[in-house]
Each structure stands twice: as structure tokens, then as C-alpha cells.
Amino acid sequence: MAESKERIDVLIVEDEKDDVVLMIREIRNGGFDPYWESVQTSEDFTRALQSRQWDVILADYSMPRFGCSRALEILKDSGRDIPFIIVSGVIGEETAVNLMVSGAADFILKSNLVRLVPAIRRELKEFLNREERRSAEKREVYLNALLRSIRDLNKLIVEQNDRESLILAICNSLVSNREFQQVLIILSQEGEKGFSVYRSSLSEGENATRKEQLKDDEIPCCVSFADESEDAISFIDVEPFCTDCSLCNDELDVTLVIRIVHHGRKYGYLCISVPKGFGHDFKEQEFLLEIADDIALALNRIETAIEREEAERALRAERRHLQKVIRGSYLGIWIWDPKSDEIILNDIWASRLGYNLQELTPFTIERWKTFVHPDDLDEVIQRMSRCVRGEADDYECEVRMRHKDGHYVWMLDRASMMTRDDEDLSRAMFGTQSDITLLKKAQQQLAAREHELQAAQEVAHLGNWSLDIATDNVQWSPSLYKMYGFDPSLPVPPYHEHMKLFTPESWELLSTSLARTTETGKPYEVELEMVRDGRAGGWMWARGEVVRDTAGQIIGLRGVAQDITERKQLEQQIRQAQRLDAVGLLAGGVAHDFNNLLMGIMGYTELCREEIDKDHPVQEYLDAITKEAERSANIVRQLLAFSRKQTISPQILDLNNVVADMLKMLQRLISEDIELIWNPGDDLKPVLMDPGQIDQILANLCVNARDAIFGVGTIIIETRNVQIDEEYCLKHTEIDPGEYVMLAVTDDGSGMDDDTLTNIFEPFFTTKEEGKGTGLGLATVYGIVKQNHGSIHVYSEPGQGTTFRIFLPHADEYLKDQVDEDQENEDKIHGTETIILVEDEDSVRLTLSVYLKDLGYHVLSAEDPLKAFDIAQNLDGTIDAVITDVIMPNMNGKEFVEKLRTIHPDFKVLYISGYPSDVIVDRGILEKGVEFLPKPLMRDALARKIRNILDNDR
């Protein structure tokens with residue numbers, strides 16, 4: 001197949017047609033596919049220059065009316081940046097230098113056009129570099145404008161505390177820095193009607209910021225459009241949408257609308273008006289979204305500050321009553337002021353530790369630390385500090401406190417923030433304390449029993465769970481955390497969020513089962529596919545039953561779950577093997593009909609070729625027919641290889657020698673940018689295999705590896721002796737324990753995901769572009785490996801490359817060397833012997849008969865064995881050879897041969913067939929020493945084979 005050439009547009013200033021032809025030929029030979037025009041006048045040059053974007057201009061130095069000097073002037077006046085190369089018969093060095101100073105890129109003598117293509121490639125590369133520099137400069141100016149806007153806006157948001165002043169300043173900053181046509185910030189007050197509109201514009205008379213008020217029924221169309229859209233930024237064409245809007249003017253083209261929202265609180269909208277061709281990009285859209293978020297945050301901060309001030313006034317009024325609450329409470333109560341470190345306690349708090357209140361007054365945080373058990377102190381301080389810093393609203397901790405008599409008691413300490421200052425630090429914390437010593441002892445006993453249960457569940461890969469229907473709360477055992485891949489320290493997600501843990505199909509199955517069990521009270525059992533790291537991964541068996549209260553009402557569910565991932569993987573491997581075997585049977589079944597048809601096509605084509613002259617135009621079409629037929633035959637062979645029914649000639653092989661002989665060919669198959677590394681194993685044991693199949697495996701795997709590598713990469717081929725143990729076979733059921741020879745091909749390409757790995761050995765499955773692959777490559781490899789009683793395993797991850805490992809059994813015995821038929825002399829393939837040809841397919845029989853007669857043989861042909869036997873009975877002379885199809889009506893080839901030997905015992909036999917090898921084996925044909933050729937047969941192969949059979953002793 002011809003390589004695709006690079007397209008190039010060439011404008012040529014030349015009045016000699018022959019010179020134009022030579023230049024275009026040189027450009028084509030240099031790997032380009034040129035579109036070109038030739039001009040001889042300044043008018044034509046100017047017209048052509050305006051007609052399209054040319055990649056390069058080639059100009060003769062001097063012509064009668066026009067030359068390169070004038071062409072250079074016209075090009076410079078046009079402002080176009082196009083490489084300009086002088087191609088002249090004779091030009092002085094000083095003249096050439098002056099022209100290059102004027103703007104020419106290079107000069108080339110017509111007598112040395114070999115420099116033309118390198119010069120063009122160099123100038124095209126320089127042009128691209130110039131384009132990239134200009135683009136980078138424009139990008140720098142654009143980013144600087146964005147940075148100025150970000151700086152000014154961040155400064156405004158930090159410094160301004162007044163809502164109206166902040167919004168007006170933001171509008172003005174966006175217009176002045178980025179030169180937007182108009183900036184609107186439309187705000188709504190929560191609980192109030194109407195909108196406040198803050199505006200700044202570049203339009204004449206509107207360059208100052210101002211505020212307007214809209215009524216509730218005057219909602220701008222941009223606001224309505226943004227509310228209905230799910231996009232973060234809404235793009236509105238002003239002309240059809242905003243014609244009657246008081247916020248719009250005639251100069252506006254497009255409006256970008258962004259919602260101003262903070263934690264669900266919608267404050268309003270940021271509207272940016274720009275011309276349709278305005279040069280904003282995705283980066284600026286991100287910037288506008290960030291600005292909208294910052295505006296919302298600033299508004300929230302201002303709003304929060306107002307609310308905090310009001311809350312503190314209310315708190316001061318309530319604190320006067322606090323002492324009365326403390327004195328009358330039955331809980332241990334404390335109040336801590338983090339700034340003064342003073343702690344106010346009640347009597348119950350003191351009595352819990354064996355003290356009276358007077359003994360603990362005054363009480364500070366430092367003294368409180370001396371009561372906390374040393375092992376608990378860091379945790380308590382950390383949790384309390386988070387609450388003080390505003391990182392948490394509440395504080396709760398179980399802590400051991402030292403009693404007055406020296407022992408420790410367990411306390412449940414809880415506190416909440418009462419108020420915060422301007423820096424969001426706690427001014428006061430209100431806390432309670434409860435004695436939970438007895439509860440902790442009960443928990444310890446329960447924990448011991450749960451530990452025993454957990455140990456048992458770990459052994460059985462089981463976990464238990466419970467669901468409270470009223471609260472939607474779910475409880476898991478530690479084993480279940482492990483199955484789901486959750487951190488045991490985190491809370492269990494509520495039931496409605498469990499849908500994230502399963503595939504949609506499994507979640508629907510689980511939901512239906514739970515609903516049915518809740519309705520009927522009958523237990524359920526299901527198998528569910530889990531989701532891990534955002535994709536399907538792992539299987540779980542689950543059983544559930546209802547939980548009832550004392551009145552018999554269903555209040556929840558409980559059950560057990562078991563990880564069955566390993567079992568499901570084994571089932572999947574078995575199903576995959578069965579599916580590939582089924583496809584293999586189908587592929588082998590159609591091979592016979594295809595081979596007969598291809599044999600007829602190729603035979604008739606060969607006959608036509610001999611009836612016409614070699615120079616006849618039809619020969620080209622016959623060549624194309626033969627080529628396509630050979631491609632079709634190759635696909636049939638690949639299908640047979642996949643189905644493990646390809647007829648092969650196994651030999652005792654040293655894989656190291658076979659691979660070493662293939663290296664040069666493999667290096668030609670892959671790019672020079674890809675390094676091919678060969679790591680042969682030491683003392684490699686022999687294998688029994690057809691060497692051509694090894695070539696097929698290596699070629700397919702290396703081509704796939706090449707296609708997976710983008711740019712520079714590495715392919716590693718290695719061999720070694722390996723021992724497969726029982727543990728490995730548990731995960732790979734298609735291989736038995738024992739000693740094998742491993743052939744591995746590894747690449748550092750793009751890798752494959754799980755979905756691709758599941759289908760790679762399927763025939764006609766391909767990830768390549770349409771027309772770039774048949775999808776039979778890996779299917780062929782799979783079929784060859786299975787046909788030779790081997791196993792193939794693949795490991796791959798996206799972006800991490802791929803490794804194919806093929807395990808082949810050792811050879812048990814040596815086979816005799818095969819004769820190299822390809823070296824026979826062409827003069828020895830003719831003959832005069834008598835041959836009986838038996839073939840039920842008319843086209844194949846006719847083709848083979850003509851082939852043999854052209855070679856000089858006396859051919860007696862018949863469409864079935866019975867007619868062939870009749871011919872043989874009436875024959876006066878001897879029969880030298882029989883060519884017979886294997887599968888025929890009434891009688892197969894072997895039976896015919898045995899019957900014929902009763903009257904003509906001394907003849908040679910060549911079997912032919914389009915059926916796959918297993919069908920032929922069933923007929924007892926492919927035994928050791930039996931001569932056989934698979935269809936479709938090529939003329940030369942038949943000639944050499946029958947000559948070889950006739951010349952050899954029985």
C-alpha cells in the first residue's frame with residue numbers, strides 16, 4: 001500500500017514549463033502531494049496570492065516581464081508571511097545575498113534541485129515556529145489582562161465591607177481592566193421583592209457605575225434564561241432575547257450570565273456583555289466562575305457579620321440567666337472562656353471527681369489538664385481546639401478524669417460554641433459532663449464478644465449489616481467495611497447513598513428485593529456487582545430478613561454478605577473460554593466453502609492470464625483479483641488459526657533460535673523510534689510447534705505493541721523456563737500445573753482497560769480506526785496457542801503498557817526434518833505421468849486439470865469417486881498418482897484410495913481439502929507421512945508438491 005503524502009500548496013513564478021515540471025516532480029519525490037499554480041506576470045501573481053493560503057513560493061530570478069524581485073515586493077506589501085525560495089538557472093552570490101536580505105528564505109540552482117525539498121521542509125518548520133511565537137505573544141497579553149483583573153478583584157473583596165460599594169467597584173474593575181462592553185450585577189434580597197441592578201459600561205455616557213431598582217415583575221430575560229439552564233455559564237444572543245430589556249443597548253452582542261450562589265443561597269447574577277467575536281476562552285470562563293464565587297463569598301461574609309453582631313447582642317442578654325441554669329442543673333456543667341482561660345463549674349461537676357466547688361475555685365484550663373489521663377490529653381485538646389478555631393461547631397470526647405482518691409473515671413464531655421468574635425474564634429464554650437464508667441465497662445465486654453465474632457467472619461469472608469427503616473441508618477460489621485473498601489473509622493453512609501456502591505443493575509435488583517422483603521416479610525438472596533474507584537469491581541452475595549418490634553411491625557432489616565469476587569472471576573474465565581470455542585467452531589465450519597470459492601476465483605484468473613499477452617491492460621485487473629483473493633485466503637487461514645483447525649507441520653524448536661531469526665523482520669515492522677529488546681532465557685527447553693506459527697504470534701503481538709506506542713517507546717521480547725504452581729492455576733483455570741516454556745512480549749504503550757481486555761481475543765474485535773485492522777490478529781494468536789495446547793495471559797492497565805505471556809508445553813519427542821520444497825529447481829516440476837483427479841467442485845476440478853495438463857501430465861478427471869473408479873477400471877495403462885478431495889458425496893477420499901488399490905495397487909496419493917484440520921483428522925487422513933495440501937491451491941505449490949511425491953520412493 002502506498003504511503004500517504006503530506007499535502008502542500010505551492011505557488012510558482014516561472015515561465016519555463018519544463019522547469020515547473022521538474023520542480024513539481026522533485027517535490028512529489030520528496031514525500032509531498034502538491035497543489036500548485038504557475039504564474040508569469042505580476043497581475044497573475046497578485047491574484048493567486050489572494051486566492052488561497054500558500055505554503056511556499058518558488059520564483060525564478062528573472063523572466064521577460066516579471067521576476068523574483070518584484071514578487072518579493074508584492075508579497076511584502078500584502079503583509080503575508082509565506083516562505084519565498086528563489087529557484088534560478090544562474091545567479092550571482094552577491095545578488096542572491098541581496099535578495100535574501102530583502103526577504104527571500106533561500107536560493108537554489110536549477111542544476112541542483114536536490115536541495116529543493118530539504119529547503120522547503122526547513123522553511124515550513126521555521127514558519128510554524130514563527131506562528132507559535134506570535135500566538136504565545138498574544139496569549140501573554142491576554143493573560144496579563146486576566147491577572148490584573150484577578151488582582152484588583154481580590155483586593156476589593158478583601159477590603160470592602162459595604163455591600164453596595166463592593167458591587168459597584170467590581171463592575172467598574174471588570175470593565176476597566178478587561179474592557180467588557182457592559183457588566184451587570186443583579187442582586188435579590190432574600191425574603192424581599194425586586195432586584196437591585198449595579199451597572200458599568202464602556203458605552204458613551206455610561207462609563208461610570210450606577211445602581212438601578214427593578215420591580216419583582218421586571219425580571220430580566222438573562223436571569224430567566226440562566227435559571228432554566230443547567231450550565232454554569234449561560235451564553236445569550238442579545239439580538240433575539242434582549243430587544244425590549246431596559247438593561248440592554250444597541251451595542252451589545254452576546255451576554256454571559258453566571259449565577260452568584262454560596263452554599264445554596266442564591267444572591268443574584270453576574271452578567272458580562274461582549275461582542276460576538278470577543279476573544280475570551282475557557283480559562284476566562286473559569287475566571288468568571290471564580291469571580292462569581294468570590295462575590296457570593298464576600299456577600300455571605302458581609303451578611304454573616306451583620307447576623308453575628310445581632311446574635312451577640314442577644315447572647316449578652318441571655319448570659320445573665322446562665323448562672324441560674326448552671327446551679328439548678330443535674331449535669332456536670334462548665335463554661336470556658338478561651339481568651340482568659342477561666343472555667344466556670346457547677347457543684348455536680350466537682351462532686352463527680354470527689355471535690356466540692358470551693359476546692360476547685362479558681363479553675364483554669366491548665367489546672368483542668370492535670371485531671372485528664374495523659375493518654376487522652378492530646379485527643380481532647382485537638383478536638384477542643386478545632387471547635388475554638390471554628391473548624392467544628394461542637395466538641396465531644398470520652399475522656400478519663402482523675403478522681404480525688406487517685407483512680408480514673410470515664411466521663412462523656414460535650415460542648416458547643418456559644419459565640420465567636422470577628423476572627424471567628426470562640427469567645428465562650430458551654431459544656432456538660434456525664435459519668436459513663438459503667439457504660440465503658442459494658443462496652444469492653446461487648447467489644448470482646450464482637451472481636452470473636454469478627455474473627456469468625458474474617459475466616460468465612462462474611463460480614464453482617466442492619467438497616468433502620470425509620471432513620472435510613474445502616475450499620476456494618478468490620479468485615480463489611482473491608483469488602484466495600486471503606487475506612488472503618490468513617491461512618492456508614494445512609495441507605496439511599498448505597499446506590500454508589502453498586503452498578504445500576506445491581507442497585508435496582510437490591511432495591512426491588514428489599515422492597516419485596518419489607519412488603520412480604522420473606523427473606524431474599526441476591527448476587528450484586530460492586531463499584532470501586534468509580535467502576536465495576538468485585539461481587540457480593542447478600543441475604544436479608546426483616547426485623548420486627550414487640551408489636552410485630554417491621555422496623556428494619558438485617559442480614560449477612562459474603563465476598564464472592566474470586567468465584568465470579570473463575571466463572572467468567574470459564575464462560576470466556578466456552579464462548580471463544582463456540583466462535584472457533586463457527587469459523588472452522590465456513591472455511592471449506594470459502595476455500596473452494598477462492599480456489600475457483602484464483603484458478604479462473606490464472607487461466608485468463610495465460611490466454612492474453614503479458615502486456616495486455618487486463619493483466620493489471622487480473623493481478624488485482626489475485627491479490628484480493630490471496631488476502632481473502634489469508635483471512636480464512638487466520639480464522640482457522642483462531643479456531644485451532646489450521647493444518648500445521650509441528651517441529652521440535654528452540655524458541656530462542658526462532659525468535660532470533662525473526663528480529664530483523666520484526667524491527668522492520670515497527671518504527672525506528674521504538675527500541676526492540678531481546679532477552680533470551682538460558683537453557684531453554686524445546687517445544688513442538690510449527691515455526692510459521694511462532695512467526696505469526698510475534699508479528700501480530702509486535703504490530704499491536706507498535707500501534708499502542710505513541711512516539712518513542714520500547715518492546716521487550718523474552719523467553720524462559722517457568723514452573724506453574726497450584727496457586728497460579730486457581731486464578732487461571734485454563735492452565736494446569738507443571739513446567740512450561742514462556743514467550744513474553746511487553747510494551748510501554750497506552751495499555752487497555754478492563755472492557756477491552758475482556759474482548760481482545762474475540763474475532764473481528766478491534767480498537768483501531770476503521771480500515772486500520774481486521775480484528776483477527778489477537779484472535780489468530782489465541783487460536784495458535786490453544787491449538788498447540790498452550791495458554792496465553794494478558795496484563796495491562798491504561799497508560800501503563802501491556803504484557804502478553806504465552807506458556808507452551810515441553811516437546812516430548814523429536815520429529816523428522818521436513819524437506820525444503822521451495823529450493824527445487826523450476827525445471828523439475830513438469831512431468832508426463834498419468835494422474836487421476838477427483839474433485840466434486842466444478843471450478844476447482846477444471847482449474848487443477850488445466851494446471852496439470854499445462855505441466856505435461858496426462859490427466860483423467862472425475863466429479864465423484866464412483867466415476868473415477870469406472871475410469872480407472874477401463875484404463876489400459878498404469879496410474880502414477882491420484883489427487884483427491886477428502887470430503888466428497890458417496891465416498892470420502894481415503895475410502896476411494898483404498899478401493900482403487902484393489903485394481904491399481906501402485907500409485908502415489910495427494911489429498912486436498914478446504915475443510916479445517918479436525919474434520920480431516922476425523923477421516924483418518926492426516927497421519928504421519930500422508931501428503932496433503934489445503935485449499936486454495938496455488939499453481940506453483942501444486943506443481944512442486946506432485947513432482948516431489950512422484951520422485952520420492954514409497
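Begin by selecting glycine 79, the residue that follows helix α3 and has a positive phi, near 75°. The model on the screen is predicted.

**Helix α3**

From glycine 79, step back into α3 and select residues 68-78. Which residues of α3 are buried? Colour Cys68, Ala71, Leu72, Ile74 and Leu75, for these are the ones. They lie on the same side of the helix because they span an arc of only 165° around its axis. In general, an α-helix has 3.6 residues a turn, so residues three or four places apart point the same way. Next, turn the view to the face of α3 directed away from the buried side, where Lys76 and Asp77 are exposed.

What covers the buried residues of α3? Add α2, β3 (56-59), β4 (84-88) and α4 (93-102) to the selection; the cover includes these four elements.

**The contact of α2 with α3**

Keep α3 in view and show helix α2, residues 42-51. Two packed helices are described by the angle between their axes and the distance between the axes. Here the axes come within 11 Å and cross at roughly 35°, and the crossing is right-handed. To see the contact itself, display the side chains of Ser42, Phe45, Thr46 and Leu49 in α2, which meet Arg70, Ala71, Ile74, Leu75 and Ser78 in α3. By character, the residues of this contact comprise five nonpolar, three polar and one charged.

**Strands β12, β13 and β14**

Move now to strand β12 (residues 332-337) and strand β13 (residues 342-345). These two strands form a hairpin with four residues between them. Select aspartate 341 in the turn, where phi is positive, at about 65°. The pairing of β12 with β13 is antiparallel and runs over four bridges; within it, tryptophan 334 stands opposite leucine 345.

Strand β13 also pairs with β14 (residues 363-364), again in the antiparallel sense, over two bridges. Select isoleucine 343 to find phenylalanine 363 of β14 opposite.

Which residues of β13 lie on its covered face? Ile343 and Leu345 do, whereas Glu342 and Ile344 belong to the uncovered face. In a regular strand the side chains alternate between the two faces of the sheet.

**The five-stranded parallel sheet**

Continue along the chain to an open sheet of five strands, ordered β31-β30-β32-β33-β34 and paired in parallel. Its edge strands, each pairing on one side only, are β31 (858-862) and β34 (932-934). Direction ignored, neighbouring strands are turned by 20° against each other on average.

Within this sheet, select β30 (residues 834-838) and β32 (residues 881-885), whose parallel pairing extends over four bridges. Isoleucine 836 has valine 882 in β32 as its bridge partner.

Two helices may then be added. Helix α25 (residues 865-873) packs on the sheet and touches β30 and β31, its direction making about 140° with that of β31. Helix α28 (residues 939-951) lies across β30, β32, β33 (908-913) and β34, and runs at about 150° to β33.

**The whole protein**

Finally, show the entire chain, with its 28 helices and 34 strands. Of its 954 residues, 44% count as buried. Among contacts between residues at least 6 apart in sequence, 62% join residues at least 24 apart.

Terms used: Residues are numbered from 1 along each chain as its sequence is written. This is a predicted model: local features need pLDDT of at least 70, side-chain atom pairs count only at pLDDT 80 or more; totals for chains, interfaces and linings use all residues. Side-chain values use heavy atoms; hydrogens and water are left out. Two strands pair if DSSP finds at least two bridges between them. Axes are lines fitted to C-alpha atoms, for helices over the stretch in contact, and angles run from 0 to 180 degrees between N-to-C directions. Contact means heavy atoms within 4.5 Å. A crossing is left-handed if the near helix is turned anticlockwise from the far one by less than a right angle, and right-handed if clockwise. Ala, Val, Leu, Ile, Met, Phe, Trp, Tyr, Cys and Pro count as nonpolar, Asp, Glu, Lys and Arg as charged, and the others, Gly among them, as polar. Buried means under 20% relative accessible area, exposed over 50%, partly exposed in between (1.4 Å probe, protein chains only). The arc is that of the directions from the helix axis to the C-beta atoms.
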